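Here is a short briefing on a ligand site, some helix packing and two backbone details. Look over the structure first, then read on.

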Amino acid sequence: MAGNWKMYKTPADTHAFFEKFKPLVADSDHCEIVICPPFPNLPAAVQEAHDQRIRIGAQNLYWGKEGAVTGEVSGFMIRAIGCTHVIVAHSERRQYFNETEADVMRKTVAALENHLTPIVCVGERLDERESNRTEAVLIEQFQGGISGLAPDHFARIVIAYEPVWAIGTGKVATPQMASEAHAVIRAQARAKFGSALADSVRILYGGSVKPDNVKSLMSEMEIDGVLVGGASLDPLSFASIVNY
Ligand code: PGA
């Protein structure tokens, strides 16, 4: 159960969040919990989570280790401060920062080489769904950004299916729609990496997940977890999602 805080909260807000959140998930050992705050809050989050089962991730990374790349942060640095995860290719990165499938691949490999678990995002836009291109888009994204990974690298990634039209809009995909999309992704994984890896890769659903819809999503066999934006900002709502 992963939370993506996007560009919200200060370090002080981060401490306040964890103070409320930690007791609410103290017994939640049925799942892995990951929270991805903005870069300046990562040290506060790592400090808060150090004796907990909660893992901390960044929302983006650069593929080099270090260098003259103003404004970027490397996987090496993210790992060095104690993070374990990183989101790659969120649709907002694809849309506003023109991230391509080649970037997705480079970032995913850089994350893995730095012992970070990449949460690699895929998903179709509204116009693509409306023109019945959902399956084609997911296949393109898988082929371009994921299928070139070595099998031992693929074994360590998490995939997030996030239909762009469902993100921050309140329009959640129905459990059946999400499940169908996950099945497309898993079929690609099976064709490329074989059944064992395809069955074990975790595929999260993201897009307007809330405390009142998480249960029906999680009841689908194909849905292994959720990636939550807006509803992860509030400790009570994210805790009730974790404890669905
Ligand atoms: P949302 O965002 O839950 O606010 O729709 C999900 C995401 O962008 O990861």
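How far does a polar side-chain atom of lysine 6 lie from an oxygen atom of the ligand? The distance is 2.7 Å. This is a predicted model: local features need pLDDT of at least 70, side-chain atom pairs count only at pLDDT 80 or more, and totals for chains, interfaces and linings use all residues. Residues are numbered from 1 along each chain as its sequence is written, and side-chain values use heavy atoms, with hydrogens and water left out.

**Ligand site**

- The ligand has 13 residues around it (near: a heavy atom within 4 Å). Lys6, His90, Glu162, Gly168 and Ser208 come nearest.
- By class, this shell holds 4 nonpolar, 7 polar and 2 charged residues. Ala, Val, Leu, Ile, Met, Phe, Trp, Tyr, Cys and Pro count as nonpolar, Asp, Glu, Lys and Arg as charged, and the others, Gly among them, as polar.
- A polar backbone atom of serine 208 is 2.8 Å from an oxygen atom of the ligand.
- A polar backbone atom of glycine 230 is also 2.8 Å from an oxygen atom of the ligand.
- Taken alone, the ligand exposes 280 Å² (Shrake-Rupley method, 1.4 Å probe). The protein buries 97% of that.

**Helix packing**

- Two packed helices are described by the angle between their axes and the distance between the axes. Axes are lines fitted to C-alpha atoms, for helices over the stretch in contact, and angles run from 0 to 180 degrees between N-to-C directions.
- Helices (H or I, at least four residues) and strands (E, at least two) are DSSP runs, numbered from the N terminus.
- Helix H7 (residues 134-145) packs on helix H9 (residues 175-193) at about 40 degrees, with axes 10 Å apart. That makes H7 oblique to H9 (under 35 degrees is roughly parallel, over 145 roughly antiparallel, 65 to 115 roughly perpendicular, the rest oblique).
- H7 passes H9 in a right-handed crossing (the near helix is turned clockwise from the far one by less than a right angle).
- Helix H5 (residues 101-113) packs with H7 at an angle of about 50 degrees, and their axes are 8 Å apart. H5 and H7 are therefore oblique to each other. H5 passes H7 in a right-handed crossing.
- Helix H1 (residues 11-24) and helix H2 (residues 42-49) pack at about 25 degrees, with axes 9 Å apart. H1 and H2 are therefore roughly parallel to each other. Their crossing is right-handed.

**Backbone details**

- Most residues other than glycine have a negative phi.
- Lysine 6 has a positive phi of about 50 degrees. Lysine 6 sits in the loop between strand E1 (2-4) and H1.
- Asparagine 98 has a positive phi near 55 degrees. Asparagine 98 is in the loop between helix H4 (91-96) and H5.

Note on methods: Polar contact = N/O pair within 3.5 Å; in protein donor to acceptor, adjacent residues only side chain to side chain.
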